[in-house]
Amino acid sequence: MGKADLHVHSAWSDGMATVREVMEFAAGETDLDVIAITDHDQIGGALEAVEWCAGQHGTRLQPVVGTEISAGWGRHVLALFFTEPYPTQPFPRFRSLAHTAAMVHDAGGLVAVPHPLSALVPSIGQRAFTALLRYEAAEGVVQAIEVCSGIVGGRRAEPRVRALNDALWHLAPLGSSDAHHAAQVGSAYTIFQGVSPTDLRRAILDRATEARWGAPVRVPRAAHLRQGWRSLVVKPAREVSAALRQRASRQRPSGS
């Protein structure tokens, strides 16, 4: 049986570790077979993970290319399993959930719903989730849901999420760490038949995955505070700066 963590953040967004640090920890300190770097509204971290794996001889760790997209009202969705040619630019943000799902589908990916029903991070609530699954644009695209989510409160939410999924949504259950520190990688994980990303994708489509918890991980309070500063201050400032540079570039006369 294979093990996967499909929700990990790096310094490309608001994670505290570089992609190399995340991958070295996952390869050396966990027994994961598959990992996805899913930075907020960034794809570069996932592509760097592909390069890292390509440069390692004999590593068991294999990457899934993905990203966490901020959809309408800031609600997050995971876009996963892109194949070559991979997307090279972030997806547009703040579009409706149905429009976001359609964009992911058109790019060849699948959608998984991260940390559902959470009031602590931007998440899809029960009503919005049920409505999303009724949209024709989402049919066949939304395939999985985080039942075991490593966010604060994720363990308390698990029984309700699992019950709702079993009764109403019938999506592939995932366990994902939502790691923002390397030490958190694998603290929740997904079990599937096989060991490769292709095997995992097939298991998701067949609803043959299992969501499980790993060992609890303690992150020092100071590290949490630094990550919070990075998420609330550093990352937004970096995005505003990038947007201003892009705007200036578009307005600059050609040939100047």
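Which elements cover the buried residues of α3? In this predicted model, what covers them includes the strands β3, β4 and β5 together with the helix α4. The briefing below begins with that helix and then turns to two buried loop residues, to the aromatic rings, and to the empty spaces, among which the largest pocket holds about 1,200 Å³ and the largest cavity about 30 Å³.

**Helix α3 and its surroundings**

- Helix α3 runs over residues 97–106, and its buried residues are L97, A98, T100, A101, M103 and V104.
- When reading such a list, it helps to remember that an α-helix has 3.6 residues a turn, so residues three or four places apart point the same way.
- The cover over the buried residues of α3 includes β3, β4, β5 and α4, and of these elements β3 spans 62–70, β4 spans 76–82 and β5 spans 110–113, while α4 comprises residues 126–134.
- After α3 comes G108, a residue whose phi is positive, near 90 degrees.

**Two buried residues in loops**

- T38 sits in the loop that joins β2 (34–37) to α2 (44–54), and with a relative accessible area of 0% it counts as buried, because buried means under 20%.
- If residues up to four places away in sequence are not counted, T38 touches L6, H7, V8, H9, G66, T67, E68, L78 and L80.
- A138 belongs to the loop between α4 and β6, and its relative accessible area of 3% makes A138 buried as well.
- Once its neighbours within four places in sequence are left aside, A138 is in contact with A101 and L132.
- A138 and A101 are separated by 37 residues in sequence, yet their C-alpha atoms are 5.6 Å apart in space, and A101 is itself one of the buried residues of α3.

**Aromatic rings**

- A pair of aromatic rings is described by the distance of the centres and the angle of the planes.
- The model has 2 aromatic pairs.
- In the pair formed by F82 and F91, the ring centres are 5.6 Å apart and the planes meet at 25 degrees, so this pair is stacked, the cut-off for stacking being planes under 30 degrees apart.
- F82 is buried at 3% relative accessibility, and F91, at 13%, is buried too.
- In the pair formed by F129 and W169, the ring centres are 4.3 Å apart and the planes stand at 35 degrees, so this pair is tilted.
- F129 belongs to helix α4 and W169 to helix α5, so the pair ties together parts that are 40 residues apart in sequence.
- Both F129 and W169 are buried.
- A charged residue also lies against a ring: K3 is placed over the face of Y189, at 4.0 Å from the ring centre.

**The two largest pockets**

- The largest pocket, with about 1,200 Å³ of space, has a lining of 41 residues, and those nearest its centre are G150, I151, V152, D178 and H180.
- Two or more lining residues of this pocket come from each of β3, α5 (154–169) and α7 (221–251), and α7 gives the most, with 8 residues.
- By chemical class, the lining of the largest pocket consists of 13 nonpolar, 18 polar and 10 charged residues.
- The second largest pocket contains about 420 Å³ of space, and among its 16 lining residues the closest to the centre are Q42, P90, E239, A242 and Q246.
- The lining of the second largest pocket is made up of 6 nonpolar, 4 polar and 6 charged residues.

**The cavity**

- The model has 1 cavity of 30 Å³ or more, and the volume of the largest cavity is about 30 Å³.
- The residues that line the largest cavity are L80, F81, L110, V111, A112, Q143, A144 and I204, and of these L80 is also one of the residues that T38 touches.
- Strands β4, β5 and β6 (142–149) each supply at least two residues of this lining, and the largest share, 3 residues, comes from β5.
- Of the residues in the lining of the largest cavity, 7 are nonpolar, 1 is polar and none is charged.

Key:
Residues are numbered from 1 along each chain as its sequence is written. This is a predicted model: local features need pLDDT of at least 70, side-chain atom pairs count only at pLDDT 80 or more; totals for chains, interfaces and linings use all residues. Side-chain values use heavy atoms; hydrogens and water are left out. On a 1 Å grid over the protein atoms alone, a cavity is a set of points where a 1.4 Å probe fits but cannot get out, and a pocket is an open set with protein on both sides within 12 Å along at least five of seven lines; lining residues have an atom within 4 Å of a point. Grid points are joined across faces, edges and corners, and a volume is the space filled by probe spheres set on the points. Helices (H or I, at least four residues) and strands (E, at least two) are DSSP runs, numbered from the N terminus. Ala, Val, Leu, Ile, Met, Phe, Trp, Tyr, Cys and Pro count as nonpolar, Asp, Glu, Lys and Arg as charged, and the others, Gly among them, as polar. Rings of Phe, Tyr and Trp (its six-membered ring) pair if their centres lie within 6.5 Å; planes under 30 degrees apart count as stacked, over 60 as edge-to-face and the rest as tilted. Buried means under 20% relative accessible area, exposed over 50%, partly exposed in between (1.4 Å probe, protein chains only). A charge sits over a ring if NZ of Lys or CZ of Arg is within 6 Å of the ring centre and within 35 degrees of the ring normal. Contact means heavy atoms within 4.5 Å.
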